[in-house]
Amino acid sequence: MKRRCTQVICIIISFICFLSVVDSASATTISDLQDDIKHNQSQLDNVNQQISDYEDEQEAVEEEINDLDAEMVALLTDINLIQEAIEDKEADIAQTQLDYNAALAVQEEQYESMKIRIKFMYERGEASYLEMFFGASSMGDMMNKANYVEELYDYDRNLLEEYKLTVQKVAELQDTLEEEKSELETSKTELEEEQAYVKEVLAQKKQEYENYNAVLAKAKQEAAAYTAKIKQETAQIKKLEEEERKRREEEERKRREEEERKRLEEEAQIAQGDEENDNSGGSSGSNSVSQDTPKPSSSGGGKGQQIAEFACKYVGYPYKAGGTSLTEGADCSGFVWAVYKAFGYSLPRSSYAQSGIGKAVSYSEAQPGDIIYYGGHVGIYIGNGQIVHASTERTGIKITSATYRSIITIRRVV
């Protein structure tokens, strides 16, 4: 991130230096201005590409932030659920502890009763058993007393085993609950640690997002400066072209006035000669006067005109990104490439590369067949202030005013 910021700062510094050089140079000719515009457009394209890259990266960071926000919500939800489960488990443990304590109390009571009976039996010894049997009134009574002693013994033993089992089960349940509680607490701790980590990463990503905002703001300022410079130089070109047009019109007016003056002088001389011949009564023959009639200026003949007329045949055919087919679809540079290929010329494929081929000419010198580059877009000049170009997917190949956008450079290949 620091490296990118450094790069942008360097670009801005270079741009400031560049503006100072351009201002000091004070380019005044159309050719110089067009070169400046092309250079500025190249810089603007680079900055716009960086802006696009930064925006893509910022969008990726924004997606990460959204994912982290969603993860944070999920973590908070899980933590709340685990906290509720811990509270429920603590209530179960508390109830189990009560059951455990109650079982221990009953076991203790039973144990004390058994101790009394056992103590009594041991203190009386075997004599007590003999007295109980011999004191029986009958055999049946003796058997009943013997059964009673046996039942009492079995009862004490079973009761003791039952309460031992109860105490064991309660103890095992308590251990299980304690273990489950411990697992929940561990999970809660891990989730809280994950929450803290996500919170930290989220803060970093938000800071990174804000940093991109700062970088983009600087890059957009730079792009705006280049755009303003291009517009300024384009306006200067139009002003110079207008001045050139007026100068030529003035020269044309003076030329015609001079021709008219010469014509009148020649007519006057002829009239004077005729008068002299009439006065002398003879004629030495008719004089023929040759006048140079100005030829109409060509709007661009030869190969360039042929290329322009050929290109216009494909008006209405589709636009296709990356395409080079005149009938199946082509993009702007693909259309120019295909037209020139039909006449045996090998042109670069991209619009930017095509802006550097051939030789540069001014708009006032443009002829049919010349390539006009607008910055990321090219068309073929067909004369009368118009171009034919592959415009968009919606409009396809069409004819448009040559000055519908700011012209960066005009290149002559033929």
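How many aromatic pairs does the structure hold? The structure holds 7 aromatic pairs. This is a predicted model, and two of its ring pairs are described below, along with the helix packing around them.

**Overall layout**

The chain has 414 residues, and buried residues make up 30% of them. Its secondary structure comes to 6 helices and 8 strands. Read from the N terminus, the order of elements is α-α-α-α-β-β-α-α-β-β-β-β-β-β. Contacts between residues at least 6 apart in sequence include many long-range ones: 70% of them join residues at least 24 apart.

**Helices H4 and H5**

Two packed helices are described by the angle between their axes and the distance between the axes. Helix H4 covers residues 302–312 and helix H5 covers residues 332–342. Their axes come within 10 Å and cross at roughly 125°. H4 and H5 are therefore oblique to each other. The crossing of H4 and H5 is right-handed.

Which residues make the contact? From H4 come Ile307, Phe310 and Ala311. From H5 come Phe335, Val339, Tyr340 and Ala342. By class, this contact has 7 nonpolar residues, with no polar and no charged ones.

H5 is largely enclosed by the rest of the structure, because 8 of its 11 residues are buried. The buried residues are Cys332, Ser333, Gly334, Phe335, Val336, Ala338, Val339 and Tyr340. Among them, Phe335, Val339 and Tyr340 also belong to the contact with H4. Just after H5, glycine 344 takes a positive phi of about 90°.

**Aromatic pairs**

The first pair to look at joins phenylalanine 310 and phenylalanine 343. Their ring centres are 5.3 Å apart and their planes stand at 85°, so the pair is edge-to-face. Phenylalanine 310 lies in H4, while phenylalanine 343 lies in the loop between H5 and helix H6 (351–354), so the pair ties together parts that are 33 residues apart in sequence. Phenylalanine 310 is also one of the H4 residues that touch H5.

Another pair, tyrosine 352 with tyrosine 373, is edge-to-face as well. Its rings are 6.5 Å from centre to centre, with 70° between the planes. This pair links distant parts of the chain: tyrosine 352 sits in helix H6 and tyrosine 373 in strand S4 (residues 371–373), 21 residues apart.

Are the four partners buried or exposed? The table gives the accessibility of each.

| Residue | Relative accessible area | Class |
|---|---|---|
| Phenylalanine 310 | 17% | buried |
| Phenylalanine 343 | 23% | partly exposed |
| Tyrosine 352 | 43% | partly exposed |
| Tyrosine 373 | 2% | buried |

The cut-off for buried is under 20% relative accessible area. Phenylalanine 310, at 17%, is therefore buried, whereas phenylalanine 343, at 23%, is partly exposed.

Ring pairs also build a cluster, which takes in Phe310, Tyr314, Tyr317 and Phe343.

**Valine 315**

Where is valine 315 placed? Valine 315 sits in the loop between H4 and strand S1 (324–325). Valine 315 is partly exposed, with a relative accessible area of 37%. Leaving aside neighbours within four places in sequence, valine 315 is in contact with Val388, Ile397, Lys398 and Ile399. Its C-alpha atom is separated by 7.7 Å from that of glycine 396, although the two residues are 81 apart along the chain.

Conventions. Residues are numbered from 1 along each chain as its sequence is written. This is a predicted model: local features need pLDDT of at least 70, side-chain atom pairs count only at pLDDT 80 or more; totals for chains, interfaces and linings use all residues. Side-chain values use heavy atoms; hydrogens and water are left out. Axes are lines fitted to C-alpha atoms, for helices over the stretch in contact, and angles run from 0 to 180 degrees between N-to-C directions. Helices (H or I, at least four residues) and strands (E, at least two) are DSSP runs, numbered from the N terminus. Angles under 35 degrees count as roughly parallel, over 145 as roughly antiparallel, 65 to 115 as roughly perpendicular and the rest as oblique. A crossing is left-handed if the near helix is turned anticlockwise from the far one by less than a right angle, and right-handed if clockwise. Contact means heavy atoms within 4.5 Å. Ala, Val, Leu, Ile, Met, Phe, Trp, Tyr, Cys and Pro count as nonpolar, Asp, Glu, Lys and Arg as charged, and the others, Gly among them, as polar. Rings of Phe, Tyr and Trp (its six-membered ring) pair if their centres lie within 6.5 Å; planes under 30 degrees apart count as stacked, over 60 as edge-to-face and the rest as tilted. Buried means under 20% relative accessible area, exposed over 50%, partly exposed in between (1.4 Å probe, protein chains only).
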